[in-house]
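Q: Could you take me on a close look at a single strand in this structure? I would like to know what surrounds it and which partners it pairs with.

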Amino acid sequence: MIEIKKSTLSNGEFNRGVFAKQHIAKGALIHQAPVIAYPNEEHEHIEKTLLADYAFEYGEEHTAILLGYGMLFNHSYQPNAIYEINFENDTFDFYAYKDIKAGEEILINYNGGVDNDDPLWFEME
(Lines give C-alpha, C1' and ligand atoms only; values in the text may rest on other atoms or scores of the structure.)
Protein backbone atom coordinates (compact mmCIF):
# COMPACT_ATOMS: atom_id res chain seq x y z
CA MET A 1 0.00 0.00 0.00
CA ILE A 2 2.89 2.38 0.78
CA GLU A 3 6.55 2.71 -0.12
CA ILE A 4 9.52 4.93 0.62
CA LYS A 5 10.80 7.08 -2.24
CA LYS A 6 12.77 10.28 -2.75
CA SER A 7 10.79 13.37 -1.75
CA THR A 8 11.11 16.90 -3.08
CA LEU A 9 9.71 18.22 0.23
CA SER A 10 12.52 17.04 2.44
CA ASN A 11 15.88 18.82 2.42
CA GLY A 12 17.86 16.40 4.55
CA GLU A 13 20.67 14.19 3.44
CA PHE A 14 18.38 11.34 2.41
CA ASN A 15 15.26 13.26 1.16
CA ARG A 16 12.79 10.44 1.74
CA GLY A 17 9.05 10.33 2.16
CA VAL A 18 6.15 7.88 2.32
CA PHE A 19 4.16 7.45 -0.90
CA ALA A 20 0.96 5.63 -1.83
CA LYS A 21 1.53 2.65 -4.12
CA GLN A 22 -2.21 2.49 -4.82
CA HIS A 23 -5.34 4.58 -4.23
CA ILE A 24 -6.03 4.91 -0.49
CA ALA A 25 -9.58 5.81 0.49
CA LYS A 26 -10.33 8.44 3.13
CA GLY A 27 -10.37 6.84 6.59
CA ALA A 28 -8.27 3.82 5.62
CA LEU A 29 -5.55 2.65 7.99
CA ILE A 30 -2.26 3.32 6.20
CA HIS A 31 0.35 2.16 8.70
CA GLN A 32 0.78 1.14 12.33
CA ALA A 33 4.17 2.22 13.65
CA PRO A 34 5.35 0.48 16.84
CA VAL A 35 6.95 2.79 19.39
CA ILE A 36 10.00 2.72 21.58
CA ALA A 37 8.99 4.96 24.47
CA TYR A 38 11.27 6.49 27.06
CA PRO A 39 10.76 8.89 30.00
CA ASN A 40 10.87 12.58 29.11
CA GLU A 41 13.83 13.17 31.43
CA GLU A 42 15.95 10.93 29.19
CA HIS A 43 15.22 13.09 26.13
CA GLU A 44 18.20 15.31 26.95
CA HIS A 45 20.39 12.50 25.61
CA ILE A 46 18.37 12.22 22.38
CA GLU A 47 18.58 16.03 21.94
CA LYS A 48 22.29 15.58 21.19
CA THR A 49 21.46 13.47 18.12
CA LEU A 50 19.61 13.71 14.82
CA LEU A 51 16.86 11.56 16.33
CA ALA A 52 15.61 14.58 18.29
CA ASP A 53 13.96 15.90 15.11
CA TYR A 54 12.04 12.64 14.74
CA ALA A 55 10.79 12.04 18.29
CA PHE A 56 7.07 12.25 19.11
CA GLU A 57 5.34 13.16 22.34
CA TYR A 58 3.89 10.00 23.86
CA GLY A 59 1.54 11.02 26.63
CA GLU A 60 2.55 13.46 29.34
CA GLU A 61 5.53 11.58 30.74
CA HIS A 62 7.09 9.90 27.71
CA THR A 63 8.61 10.55 24.32
CA ALA A 64 8.71 7.96 21.55
CA ILE A 65 10.78 6.93 18.59
CA LEU A 66 8.56 5.38 15.92
CA LEU A 67 9.55 2.23 14.09
CA GLY A 68 8.45 1.08 10.66
CA TYR A 69 7.75 4.03 8.36
CA GLY A 70 6.49 6.18 11.26
CA MET A 71 9.38 8.65 11.29
CA LEU A 72 9.49 9.06 7.50
CA PHE A 73 6.18 10.87 6.91
CA ASN A 74 6.86 14.46 5.87
CA HIS A 75 5.02 17.52 7.17
CA SER A 76 2.31 19.65 5.59
CA TYR A 77 -0.10 22.22 7.01
CA GLN A 78 -2.56 20.71 4.48
CA PRO A 79 -2.03 17.02 5.28
CA ASN A 80 -3.71 14.13 3.53
CA ALA A 81 -3.18 11.81 6.52
CA ILE A 82 -3.52 11.95 10.29
CA TYR A 83 -2.16 9.87 13.13
CA GLU A 84 -3.63 8.69 16.38
CA ILE A 85 -1.66 7.40 19.32
CA ASN A 86 -2.81 3.90 20.21
CA PHE A 87 -1.57 3.46 23.78
CA GLU A 88 -3.23 0.04 24.09
CA ASN A 89 -1.11 -1.34 21.23
CA ASP A 90 1.89 0.99 21.70
CA THR A 91 1.60 2.20 18.11
CA PHE A 92 1.02 5.38 16.17
CA ASP A 93 -1.77 4.60 13.70
CA PHE A 94 -1.73 6.58 10.45
CA TYR A 95 -5.01 7.08 8.56
CA ALA A 96 -5.96 8.73 5.28
CA TYR A 97 -7.52 12.10 6.13
CA LYS A 98 -8.74 12.36 2.54
CA ASP A 99 -8.52 10.19 -0.56
CA ILE A 100 -4.89 9.72 -1.59
CA LYS A 101 -3.97 8.94 -5.19
CA ALA A 102 -1.44 6.30 -6.21
CA GLY A 103 2.00 7.93 -6.40
CA GLU A 104 1.03 10.81 -4.07
CA GLU A 105 3.21 11.58 -1.06
CA ILE A 106 1.48 10.93 2.26
CA LEU A 107 1.80 13.94 4.54
CA ILE A 108 0.94 14.61 8.18
CA ASN A 109 0.85 17.78 10.25
CA TYR A 110 3.73 17.47 12.71
CA ASN A 111 1.73 19.56 15.20
CA GLY A 112 -0.75 16.69 15.54
CA GLY A 113 -4.00 18.45 14.70
CA VAL A 114 -4.91 18.82 11.03
CA ASP A 115 -5.71 22.52 11.43
CA ASN A 116 -2.85 23.38 13.81
CA ASP A 117 -0.73 25.95 11.98
CA ASP A 118 1.66 26.74 14.85
CA PRO A 119 5.29 27.13 13.76
CA LEU A 120 7.27 23.91 13.95
CA TRP A 121 10.20 23.56 16.37
CA PHE A 122 12.77 23.52 13.58
CA GLU A 123 11.26 26.64 11.98
CA MET A 124 11.75 28.56 15.23
CA GLU A 125 15.47 27.74 15.54
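A: Here is a walk around strand β5, its partners and the core it contributes to. Keep in mind that this is a predicted model.

Let's start with the strand itself. β5 covers residues 62–66, and 4 of its 5 residues are buried, so the rest of the structure largely encloses it.

Next, look at who lies alongside. β3 and β5 run antiparallel and are joined by 5 bridges. To find one point on this pairing, look for Val 35, which stands opposite Leu 66 of β5. β5 also pairs with β4: these two run antiparallel as well, with 3 bridges between them. Here Tyr 58 has His 62 in β5 as its bridge partner. β4 and β5 form a hairpin, and 3 residues lie between the two strands. In the turn you will find Gly 59, whose phi is positive, at about 80 degrees.

While you have a strand on screen, here is a handy rule: in a regular strand, side chains alternate between the two faces of the sheet.

Now let's turn to the core. The largest nonpolar core has 26 residues, and Leu 66 is among the members that touch the most others, along with Ile 24, Ile 30, Phe 92, Phe 94, Ile 100 and Ile 106. β5 is one of the elements giving two or more residues to this core, and β3, β4 and β8 are also among them. The largest share, 4 residues, comes from β3. Pick out Ile 100 for a closer look: leaving out residues up to four places away in sequence, Ile 100 touches Ile 24, Ile 30 and Ile 106, as well as Ala 20, Gln 22, His 23 and Asn 80.

Val 35 leads us to another neighbour. Thr 91, in strand β8, counts Val 35 among its contacts beyond four places in sequence, together with others including Gln 32, Ala 33 and Pro 34. Thr 91 counts as buried because its relative accessibility is 9%, which is under the 20% cut-off. Its side chain also makes a polar contact of 2.7 Å with the side chain of Asp 93.

Finally, go back to the stretch before the hairpin. Ala 52 sits in the loop between α1 (43–46) and β4 (56–58). Ala 52 is buried too, with a relative accessible area of 15%. Beyond its neighbours within four places in sequence, Ala 52 is in contact with His 43, Ile 46 and Glu 47. From Ala 52 to Ile 65 is 13 residues in sequence and 9.0 Å in space, C-alpha to C-alpha.

How values were computed: Residues are numbered from 1 along each chain as its sequence is written. This is a predicted model: local features need pLDDT of at least 70, side-chain atom pairs count only at pLDDT 80 or more; totals for chains, interfaces and linings use all residues. Side-chain values use heavy atoms; hydrogens and water are left out. Buried means under 20% relative accessible area, exposed over 50%, partly exposed in between (1.4 Å probe, protein chains only). Contact means heavy atoms within 4.5 Å. A nonpolar core is a set of buried Ala, Val, Leu, Ile, Met, Phe, Trp, Tyr and Cys residues joined through side-chain atoms within 4.5 Å. A polar contact is a pair of N or O atoms within 3.5 Å; within protein, one must be able to donate a hydrogen and the other to accept it, and residues adjacent in sequence count only if both atoms are side-chain atoms. Two strands pair if DSSP finds at least two bridges between them.
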